[in-house]
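Welcome, and thanks for taking a look at this one with me. Below are a few numbered points to help you find your way around.

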Amino acid sequence: MMSNWTRHAINEINADFQRSAETHLIRFRLADYPGIGFYLKDESTHPSGSLKHRLARSLFLYGLANGWIKENRPVIEASSGSTAVSEAYFAQLLGLPFIAVMPASTAKRKIAQIEFYGGQCHFVADPCELYSASAQLARELDGHFMDQFTYAERATDWRGNNNIAESIFRQMALEPFPVPHTLIMSAGTGGTSATLGRYIRYQGFATQLLVVDPEHSVFFDYWHSRDATLRSPRGSLIEGIGRPRVEPSFMPDVIDEIMKVPDGATLAAMRKLEQIIGRKPGASTGTNFWGMMQVAKRMRARGEQGSLVTLMCDSGERYPDSYYDESWVARQFGDISRWQRELE
């Protein structure tokens, strides 16, 4: 029988969802691309500041319903930052201890936000150690390892229930091209791309799904080879996306196309998008926008019209010491002017 605490915890999370508003779908036009509508779903406005708020909510409900998350027991997560911030938010809501196992290079603002919500940070030097370190902590502390990279694709109800795919298509209903030509999404766990791809097929839409993958990530090669043993010797420099191994939540067969995006192109696209919308996007949004522009170029060359949709995964306000620091960018990425010229 479900305990009173578990019943109360599920009610608290559902009440939090009931208090939440839908995220905005921002439309902008580019004069050089007539007949093409550009849309950016702004996930940075969630209470915990990113797209991962949706995932964290689903993972907590999944863990509670399965009897894995228990009163006074710690929750542990392997994360590059944003998921940990969102899970710390929900752990605080339920009065649970929370520990984020993170790369030592994680943005300082994300670390501060995890601590703001009462979480602790456990750092590892090698991103590939995130999983084993998290599992070990869960065993030692008699806690629950949330394991977003395994459960992201199954914790979310991809058929509907106000998931991000259903939200996008509902918000597009009155637009000139209500069924998007292409959805563009970067992959971290692969959970969001799985939800988008499954929903497109479930509803019978003609929309294409393009996944954009940063450097030092194995998803691009895995999509082509289906070799699940692939490993990258280093982690992605674009926080929140790209993985050094093939994650269980990455569903290649619901993806129509995958594109490798150079890190310099991501940084150039991030800055260009800031000029267009007047707000600082995070780096993963730059990866998304680069992919969006490649699709727009192909559509223009073929004389096609339609709508393109991608996500603003989080705000650039989280990265003043990294992606928006000129000296840091020069050290990590070198000269990005060639990518900036291509966007212009």
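1. Let's start with the lining of the largest cavity. Helix α8 gives it 3 residues, the largest share. Both α8 (191-203) and the strand β7 (182-186) supply at least two residues each. Please keep in mind that this is a predicted model.

2. The volume of this largest cavity is about 160 Å³. It has 21 lining residues, and those closest to the centre are Leu-51, Lys-52, Gly-240, Ile-241 and Cys-313. If you sort the lining by class, you get 11 polar, 6 nonpolar and 4 charged residues.

3. How many cavities of 30 Å³ or more are there? The count is 2, and the second largest has a volume of about 70 Å³. Its lining is made up of 13 residues, with Lys-52, Ser-80, Thr-83, Gln-148 and Gly-240 lying nearest the centre.

4. By class, 9 of the residues lining the second largest cavity are polar, 2 are nonpolar and 2 are charged. Two helices, α3 (82-94) and α6 (148-155), each bring at least two residues to this lining.

5. It helps to have the domains in view here. The assignment splits the chain into domain 1, which covers 4-50 + 160-343, and domain 2, which covers 53-153. Their centres, taken over C-alpha atoms, are 22 Å apart. Where the two domains are in contact, 45 residues of domain 1 and 37 residues of domain 2 take part. The lining of the second largest cavity draws on both, with at least three residues from domain 1 and at least three from domain 2.

6. Now for Lys-52, a residue worth finding on your screen. Lys-52 is listed among the residues closest to the centre of the largest cavity, and also among those nearest the centre of the second largest. Along the chain, Lys-52 belongs to helix α2, which spans residues 52-65.

7. Is Lys-52 buried or exposed? Its relative accessible area is 14%, so Lys-52 counts as buried, the cut-off being under 20%. Leaving aside residues up to four places away in sequence, Lys-52 touches Ser-82, Thr-83, Ser-86, Gln-148 and Thr-189. Among these, Thr-83 and Gln-148 also lie nearest the centre of the second largest cavity.

8. Finally, a word on the record. An unreviewed UniProt entry places the feature "modified residue: N6-(pyridoxal phosphate)lysine" at Lys-52. Such annotations may be inferred rather than shown by experiment.

Notes. Residues numbered from 1 in each chain as written. Predicted model: local features only at pLDDT ≥ 70, side-chain atom pairs only at ≥ 80, totals over all residues. Heavy atoms only, no water. 1 Å grid on protein atoms, 1.4 Å probe; cavity = no way out; pocket = protein on both sides within 12 Å on 5 of 7 lines; lining within 4 Å. Points joined across faces, edges and corners; volume = space filled by probe spheres on them. Helix = DSSP H or I, 4+ residues; strand = E, 2+ residues; numbered from the N terminus. Nonpolar A, V, L, I, M, F, W, Y, C, P; charged D, E, K, R; others polar. Domains from an automatic or database assignment. Buried < 20%, exposed > 50% of the residue type's maximum accessible area, 1.4 Å probe, protein only. Contact = heavy atoms within 4.5 Å.
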